[in-house]
Amino acid sequence: MTQEPHPAIEGLLEVMRRLRDPVGGCPWDREQTFATIAPYTVEESYEVADAIQRDDMRDLKEELGDLLFQVVFHSRLAEEQGLFDFHDVAAAMSEKLIRRHPHVFGDVGDRTADEQNAAWEVTKALERKAKNKTGILDDVPVGLPALTRAAKLTKRAARVGFDWPTVREVVDKLDEETAELKAELDHGDLDKARAELGDLLFVLANLARKLDVEPEDALRLTNAKFVRRFESIENALHAEGRTPDQSNLEEMDALWNAAKHKERESQP
């Protein structure tokens, strides 16, 4: 599996080395740490997802490059501390993929997608055990977006039977949590209402898992829909020489419903 280093990769690693050079490097890059770079890493991941959502392949190539640079940056920081380097990261990833795909790289026979998913989870469980992470939820990353982490937590718990059997039961739980939120709002207890809102969001994340959709993806689509429809309101008002702050809720709601109706009519 050993291959010669690719010139483009080696060139990128050299660029990173120059940026971090104590003498001739970039002052901003030199002062960065794992912690200060981490938010940019998360941001670049979202920008990759955004390019995919927009089906912009030209932008995707650029965003993937930005994300790759984040890996290179973290790897350079580790190399400077004598921990590991970029090649170690790549080698560890290759080894992990080979270990988790014995039906491709080993002597295990062909597997269906479901069989591979089951085997994958068994392998990951063994890996967690080797790292002394014996709790079911031990390695669900805290740094994930909260909705994504909620879905992963419920998925992990479901593996040991801690799950509602049907979607309908999750919807019933959603109704229950909604009622509890309304009750706290009626009582005027905002602290408890905020806690109930968290419970409601957690059940929604669980419902997304049961419907086989990533909650972040579902919300991202709705965000885009909201922007699109609100822009329709702005455009309609602009045609009359007005802005939203020169309108009122009743009028804007009517324009919203008109945009909604138009979208539905245009759908096949």
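Residues are called buried under 20% relative accessible area, exposed over 50%, and partly exposed in between (1.4 Å probe, protein chains only). The model is predicted, so local features need pLDDT of at least 70 and side-chain atom pairs count only at pLDDT 80 or more, while totals for chains, interfaces and linings use all residues. Residues are numbered from 1 along each chain as its sequence is written, and side-chain values use heavy atoms, with hydrogens and water left out.

**View 1. Arg54 and Asp56 are joined by a salt bridge.** A salt bridge is a side-chain nitrogen of Lys or Arg within 4 Å of a carboxyl oxygen of Asp or Glu. Here the closest N and O atoms are 3.3 Å apart. Arg54 is partly exposed, at 40% relative accessible area, and Asp56 is also partly exposed, at 27%. The whole structure contains 20 salt bridges.

**View 2. Arg168 and Asp172 form a salt bridge in helix α9.** Helices (H or I, at least four residues) and strands (E, at least two) are DSSP runs, numbered from the N terminus. The N to O distance between the two side chains is 3.1 Å. Because they are four residues apart in α9 (residues 167–187), Arg168 and Asp172 are separated by about one helical turn. Arg168 is exposed, with 52% relative accessibility, whereas Asp172 is partly exposed, with 38%.

**View 3. Glu240 and Arg242 make a salt bridge.** Their closest N and O atoms lie 2.6 Å apart. Glu240 is exposed at 55% relative accessibility, and Arg242 is partly exposed at 22%.

**View 4. Four charged residues share a network of salt bridges.** The residues linked in this network are Arg20, Arg76, Glu79 and Glu80.

**View 5. Asp85 makes a contact at the start of helix α5.** One of its side-chain oxygens comes to within 3.1 Å of the backbone nitrogen of His87. Helix α5 (residues 86–100) has 15 residues, and its end C-alpha atoms are 21 Å apart, in agreement with the expected 21 Å. That expected span is 1.5 Å times one less than the number of residues.

**View 6. A nonpolar patch lies on the surface.** Phe34, Leu68, Val71, Leu83, Phe84 and Val89 make up this patch, with about 440 Å² of accessible area together (Shrake-Rupley method, 1.4 Å probe; for residues, only the protein chains shown count as cover). Patches consist of residues with over 30% relative accessible area and no salt bridge, like charges being joined within 9 Å and nonpolar side chains (Val, Leu, Ile, Met, Phe, Trp, Tyr) within 5 Å. Leu83 is located in the loop between α4 (57–80) and α5, and Leu83 is exposed, at 52% relative accessible area.

Technical notes. Polar contact = N/O pair within 3.5 Å; in protein donor to acceptor, adjacent residues only side chain to side chain.
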